[in-house]
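Trainee: Could you take me through this model, one feature at a time, and show me how each should be read?

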Amino acid sequence: MKQTTILFLVLFIILISNAQSRDKIVTSKQHVKKRSLLVSGNITQAQMTISSFEKGGDSGRPSDCDGKYHSNSELIVALSSRWYNKGEGCFFVIKIYYHDKSVKAKVIDECRSKNCPDNIVVASTAVWEALQVPQSEWGEAVVTFSVPFEDFRSGSSSRQSISSPISSYLEVPLL
């Protein structure tokens with residue numbers, strides 16, 4: 001009988017310790033999710049502005065992610081400091097939504113001027129054109145954006161290259 005009681009106590013202790021470990025793992029995952037500002041599936045509202053990323057453009061400097069100037073015909077953006085997160089946002093592909101249109105754009109820079117609020121997405125003219133924003137409204141627009149699930153992987157593998165023409169990244173209008 002003593003062996004049965006001891007066996008029962010050992011199994012009970014193992015069961016309790018496994019349950020506690022599972023709780024710690026969930027807590028750990030939740031903590032990692034809270035730390036990551038660019039998480040797959042999150043839809044975030046932002047103020048989109050327009051900028052030139054070319055040499056002699058609005059920022060007057062090369063992009064922070066690769067130290068290069070970029071053509072305004074590229075689907076590229078700069079994010080506010082909190083989303084850029086000290087370079088962790090570099091080369092992420094985000095999906096930007098404006099009314100019934102959406103487009104994917106690559107993060108290549110941080111908006112770090114004094115005029116950059118915490119909710120800013122600074123986009124190239126190619127992004128504005130792809131979203132079909134009327135030129136009379138160019139300058140500031142309220143948009144939402146996300147890191148699409150199919151483009152999100154853990155760590156640096158979630159970063160992608162966009163080198164195809166604009167038309168290949170136009171999305172079907174949202175219904």
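Mentor: Keep in mind throughout that this is a predicted model. Let us begin with a single residue, Ala-126, which counts as buried because its relative accessible area is 0%, and the cut-off for buried is under 20%.

Trainee: Where does Ala-126 sit in the fold, and how far is Ala-126 from Leu-75 in sequence and in space?

Mentor: Ala-126 belongs to helix α3, which spans residues 125–130. Although 51 residues separate Ala-126 from Leu-75 in sequence, their C-alpha atoms are 5.6 Å apart in space.

Trainee: In what order do the six strands of the barrel run?

Mentor: The order of the closed barrel is β1-β5-β2-β4-β3-β6, and the pairing is mixed. From one strand to the next, the twist averages 45°. As an example of one pairing, β3 (residues 93–98) and β6 (residues 140–146) are joined in the antiparallel sense over three bridges, with Lys-95 standing opposite Ser-146 of β6.

Trainee: How should I approach the pockets?

Mentor: The general idea is that a probe the size of a water molecule, rolled over the atoms, shows where empty space is left. Here, the second largest pocket holds about 250 Å³ of space. It is lined by 18 residues, of which Ser-51, Cys-111, Ser-113, Cys-116 and Val-122 are the closest to its centre.

Trainee: Which strands supply at least two residues each to that lining, and which gives the most?

Mentor: Strands β1 (44–50), β4 (101–111) and β5 (120–123) each supply at least two residues, and β4 gives the most, with three. By character, the lining of this second largest pocket divides into seven nonpolar, six polar and five charged residues.

Note on methods. Residues are numbered from 1 along each chain as its sequence is written. This is a predicted model: local features need pLDDT of at least 70, side-chain atom pairs count only at pLDDT 80 or more; totals for chains, interfaces and linings use all residues. Side-chain values use heavy atoms; hydrogens and water are left out. Two strands pair if DSSP finds at least two bridges between them. Helices (H or I, at least four residues) and strands (E, at least two) are DSSP runs, numbered from the N terminus. Axes are lines fitted to C-alpha atoms, for helices over the stretch in contact, and angles run from 0 to 180 degrees between N-to-C directions. Buried means under 20% relative accessible area, exposed over 50%, partly exposed in between (1.4 Å probe, protein chains only). On a 1 Å grid over the protein atoms alone, a cavity is a set of points where a 1.4 Å probe fits but cannot get out, and a pocket is an open set with protein on both sides within 12 Å along at least five of seven lines; lining residues have an atom within 4 Å of a point. Grid points are joined across faces, edges and corners, and a volume is the space filled by probe spheres set on the points. Ala, Val, Leu, Ile, Met, Phe, Trp, Tyr, Cys and Pro count as nonpolar, Asp, Glu, Lys and Arg as charged, and the others, Gly among them, as polar.
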